[in-house]
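Me: I would like a close look at one residue in this model. Start there, then work outward through the charged pairs, the helices and the surface.

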Amino acid sequence: MSVADTDTGTGTPAEGSVQKSRAGRNLPVAITVGAVLGGAVIASLLFAPHAFVGILAVGVLLATLEVGRRLRGAGYVIPVIPLVLGGQATVWLTWPFGTRGALAGFGATVVICMVWRLLSRHGRRAAPIPDASPANYLRDVSATVFLAAWVPLFASFAALLVYPHDGPGRVFSLAVGVVASDVGGYAAGVLFGKHPMVPAISPKKSWEGLVGSLILGTAATTLSVTYLAGKPPWIGVLLGLTLVATATLGDLVESQVKRDLGIKDMGRSLPGHGGVMDRFDGFLPSAVAAWVVLTMVP
């Protein structure tokens, strides 16, 4: 869920209801929760950079459970146990083995989940699931592999950023770029948003909000990459533009998934935000983009 999803309508809240922002959420609560999460990440980067991997792993666990529960509620047969354990392996194996660890963890997760789902119709299930017959095997495995890539694999790229000597600066550049894109889109959307960008998927997201995301996201990323990661300013500009694009597309992807599932939020664990995945939506694909730009661009 991106704060760039702004609502330009002017409804009056019902008597006794919680006053919400034009973005349709309790803004003070959302800011408080966001500040706490951001503070935890910044503290880990300052004092114990590798602790960021632990924070990331907890987020991966909660996000995987949220999306898995939603998929199961929609009738999918998702092998939650191997998916959760494999997701943790995908993230943690980056610590000793780097990219090889992430690839090994993801590959093993996919193989085990494919076999688990193949045998699931012969085992006992804790709750009745509509038709777990082989006819739905491809559907269920496709959704499972998508989830394994969408959450733990993408998150592992954020873990990979923290290990180099300038790792904290790289992770901070990623985080500040996504947050600045979000805030810039929110502010511009609330103040100027009149032209919906993709109304069929996210009717509250506007072109004016995208311009705000580009301005603030690129500026913040350029400064952090230059002064914290020690990269040339042009790499900061490139990364900033890339992060705005991936954060926006990540939000749209999650919006489409939620539309397909007929839900508003993935969960309720973060007051003012929805679920963990509603906060992770733009960060996850942006982690991949940040690793590519900061690692592979000379």
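Reply: Start with Asp166. Asp166 sits in the loop between H6 and H7. Keep in mind that this is a predicted model. Is Asp166 buried or exposed? Its relative accessibility is 11%, so Asp166 counts as buried; the cut-off for buried is under 20%. What does Asp166 touch, leaving aside residues up to four places away in sequence? Its contacts are Ala229 and Lys231.

Next, the charged pairs. Side chains of opposite charge can pair when their charged atoms come close. How many salt bridges does the whole structure hold? A search finds eight.

Take the one between Asp140 and Arg117. Their side chains meet at 2.8 Å, N to O. The pair links distant parts of the chain: Asp140 belongs to helix H6 (residues 137-162), Arg117 to helix H5, and 23 residues separate them. Are these two partners buried or exposed? Asp140 has 0% relative accessibility, so Asp140 counts as buried. Arg117 is buried too, at 2%.

Asp140 has another partner. The side chain of Arg139 also forms a salt bridge with Asp140, again at 2.8 Å, N to O. Arg139 has 32% relative accessibility, so it counts as partly exposed.

Now move to Lys205 and Asp251. Their side chains form a salt bridge at 3.0 Å, N to O. Lys205 lies in strand E2 and Asp251 in helix H9, so this pair ties together parts that are 46 residues apart in sequence. Lys205 has a relative accessible area of 4%, so it is buried. Asp251 is buried as well, with 1%.

Back to Asp140 for a moment. Which residues do salt bridges with shared partners join into one network? They are Arg117, Arg139 and Asp140.

Helix H8 is worth a separate check. It covers residues 207-227, 21 residues in total. At 1.5 Å a residue, the helix should span 30 Å. Its end C-alpha atoms are 30 Å apart, so the model agrees with the expected span. Which residues of H8 are buried? Gly209, Gly212 and Gly217 are among them. The list also includes Glu208, Thr218, Ala220 and Val225. What covers these buried residues? The cover includes helix H7 (167-192), strand E2 (202-206) and helix H9 (233-261). E2 and H9 are already familiar, as they hold Lys205 and Asp251.

The record adds annotation for these stretches. An unreviewed UniProt entry places the feature "transmembrane region" at several spans, including 141-163, 169-188, 209-228 and 234-253. Two of these spans can be compared with the model. Residues 141-163 are 96% helix and 0% strand, with end C-alpha atoms 32 Å apart. Residues 209-228 are 95% helix and 0% strand. The end C-alpha atoms of 209-228 lie 27 Å apart.

Next, the surface. Which residues form the nonpolar patch? They are Ile81, Leu85, Val111, Ile112, Met114, Val115, Trp116, Leu118 and Leu119. Together they have about 860 Å² of accessible area. Helix H3 (80-92) and helix H5 (99-120) each supply at least two residues of the patch. The largest share comes from H5, with seven residues. Trp116, one of the patch residues, lies in H5. It is partly exposed, with a relative accessible area of 41%. Contrast Arg117 of H5, which is buried at 2%.

Finally, step back to the whole chain. How many helices and strands are there? The chain has eleven helices and two strands. From the N terminus, the elements run α-α-α-α-α-α-α-β-β-α-α-α-α. The chain has 298 residues, and 50% of them count as buried. Its exposed area is about 14,100 Å². Carbon and sulfur atoms supply 72% of that area. Now consider contacts between residues at least 6 apart in sequence. Of these, 71% join residues at least 24 apart.

To recap the starting point: Asp166 is a buried residue in the loop between H6 and H7, touching Ala229 and Lys231.

How values were computed:
Residues are numbered from 1 along each chain as its sequence is written. This is a predicted model: local features need pLDDT of at least 70, side-chain atom pairs count only at pLDDT 80 or more; totals for chains, interfaces and linings use all residues. Side-chain values use heavy atoms; hydrogens and water are left out. Patches are made of residues with over 30% relative accessible area and no salt bridge: like charges are joined within 9 Å, nonpolar side chains (Val, Leu, Ile, Met, Phe, Trp, Tyr) within 5 Å. Accessible areas come from the Shrake-Rupley method with a 1.4 Å probe; for residues, only the protein chains shown count as cover. A salt bridge is a side-chain nitrogen of Lys or Arg within 4 Å of a carboxyl oxygen of Asp or Glu. Helices (H or I, at least four residues) and strands (E, at least two) are DSSP runs, numbered from the N terminus. Buried means under 20% relative accessible area, exposed over 50%, partly exposed in between (1.4 Å probe, protein chains only). The expected span of a helix is 1.5 Å times one less than its number of residues. Contact means heavy atoms within 4.5 Å. UniProt positions are given in the numbering used here, feature names are shortened, and annotations may be inferred rather than shown by experiment.
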